[in-house]
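Me: I would like to learn how to read contacts and sheet layout in a model. Can we take them in turn?

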Amino acid sequence: MNPSDDALLKFELPEIIYGWGSLSQIGQCAKRLGGERVFLVTDPGIIAAGWVDESLKYLEKEDLKYVIYDNVVTNPRCYQVDQGVRFYYQKECDVIVAVGGGSPMDTAKGIAILVSNHGKIHDYAGCNLITQPIPPLICVPTTAGTGADVSQFAIISDPRKKIKMTILSRAIMADISLIDPRLLQTKSQELMAATGIDALTHAIEAYVSSLAWPLTNPHAIHAIELVFQHLRNAVRTGNIEALEGMSVASLEAGIAFSNAILGAVHALAHPLGAIYDMHHGLANAILLPVVVRKNLEHATKKFAEIAKAMGLDTRGKSDEESAKLVPEMIQKLIKDLEIPTTLSQVGVKADDIPTLARDAQQDLCMGTNPYQYDAEEIESIYYEAL
Ligand SMILES: [Fe+2]
């Protein structure tokens with residue numbers, strides 16, 4: 001973003017409470033926002049891990065009533081949002097608390113939108129289409145990567161139409177993001193790796209975004225540093241330092257992308273989630289090195305800075321030479337994390353590529369990529385990743 005550009009820039013954040021053991025604040029937070037009856041959105045895995053039982057203890061301590069809504073799956077569906085809205089009305093709730101990864105948090109946002117704005121979730125797909133304020137919302141992330149706890153985004157799938165809808169609005173930012181890195185202890189290694197790469201993708205896309213600016217850049221670049229310092233250890237050993245490092249990486253990457261938006265990796269990843277129900281982090285991991293290689297010439301200086309943040313010694317190298325090392329560093333990280341590296345490995349068919357490319361070109365995230373790819377170029381990226 002150059003000072004001469006006309007675009008207006010904003011920087012939005014929820015209140016952030018961070019710290020080992022901070023889940024204990026959940027009841028006080030709900031009460032402080034005026035809640036008496038909590039609508040707690042989560043998923044069965046989080047309940048099995050024990051985090052919901054612990055949360056309920058803190059809600060009870062503040063004399064709060066609650067109901068639990070856990071009909072949430074990866075790539076949350078529009079009908080699950082509708083069901084949640086009916087349940088919210090039925091139980092006369094007045095505050096929403098999401099405890100979980102991106103799927104429970106996005107479902108909670110979807111429910112919050114319809115509770116106060118009515119209609120169908122499809123009506124709000126796009127930019128700034130929400131007119132009424134949502135109920136108070138607290139997000140407690142249990143994964144390090146999605147950034148949904150600090151972002152103005154929600155992604156909801158319509159499986160019948162095979163689309164993923166991107167909702168972008170200041171109105172769906174949580175009031176409070178309550179981040180307790182302790183909650184990462186029950187994540188599987190596979191999920192830690194995939195969500196960690198999602199965080200890296202957020203940071204890289206925000207840093208090279210056409211809407212990046214001095215308030216988003218330091219968070220994006222620091223998140224990249226943290227991912228390269230801590231993700232391998234977070235996956236392999238799960239030690240406290242690594243979990244805290246990844247929590248902050250996810251937070252800072254979330255702050256950056258919520259305000260600078262994303263790019264072609266996310267635009268191409270969303271249709272893979274919609275058509276193949278592919279995990280979002282996995283789709284990003286496969287696409288990231290391919291898209292970065294294509295984007296290099298359109299943001300060379302920025303990619304040279306990213307190389308440095310990844311821990312490379314770039315002294316004596318030109319920006320072009322440094323930037324070229326970025327895709328290699330990403331590929332090495334993904335290989336070390338044992339994540340699949342091609343779309344064909346995870347069942348993507350060449351026949352679907354024209355449909356995937358058409359949907360990707362229309363995705364909201366494509367607008368802030370440093371270069372606007374046409375449908376043919378997007379198809380070639382998918383083929384390269386195949
Ligand atoms: Fe993402």
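Reply: Start with contact, which means heavy atoms within 4.5 Å. The model here is a predicted one.

Me: Which residues does Gln152 touch, not counting residues up to four places away in sequence?

Reply: Gln152 has contacts with Glu12, Ile167, Leu168, Ser169, Arg170, Ile172, Met173, Ser258 and Asn259, not counting residues up to four places away in sequence.

Me: Where is the place of Gln152, and is Gln152 buried or exposed?

Reply: Gln152 belongs to the loop between strand S6 (137-141) and strand S7 (153-158). Buried means under 20% relative accessible area. Gln152 has 7%, so Gln152 counts as buried.

Me: Now the sheet. What order do the strands of the open sheet have?

Reply: In general, strands of a sheet pair through backbone hydrogen bonds, either parallel or antiparallel. In this model, an open sheet of 6 strands follows the order S1-S9-S6-S4-S2-S3, and its pairing is parallel. Strand S1 (15-18) and strand S3 (65-69) are the edge strands, each pairing on one side only. From one strand to the next, the twist averages 20°.

Me: How many bridges join strand S4 to S6?

Reply: Strand S4 (residues 95-100) is joined to S6 by 5 bridges, and the two run parallel. Ile96 stands opposite Leu137 in S6.

Me: Which strands does helix H4 lie across, and which does helix H8 touch?

Reply: Helix H4 (residues 78-90) lies across strand S2 (37-41), S3 and S4, at about 160° to S3. Helix H8 (residues 240-260) packs on the sheet and touches S1 and strand S9 (176-179). The direction of helix H8 makes about 170° with that of S1.

How values were computed:
Residues are numbered from 1 along each chain as its sequence is written. This is a predicted model: local features need pLDDT of at least 70, side-chain atom pairs count only at pLDDT 80 or more; totals for chains, interfaces and linings use all residues. Side-chain values use heavy atoms; hydrogens and water are left out. Helices (H or I, at least four residues) and strands (E, at least two) are DSSP runs, numbered from the N terminus. Buried means under 20% relative accessible area, exposed over 50%, partly exposed in between (1.4 Å probe, protein chains only). Two strands pair if DSSP finds at least two bridges between them. Axes are lines fitted to C-alpha atoms, for helices over the stretch in contact, and angles run from 0 to 180 degrees between N-to-C directions.
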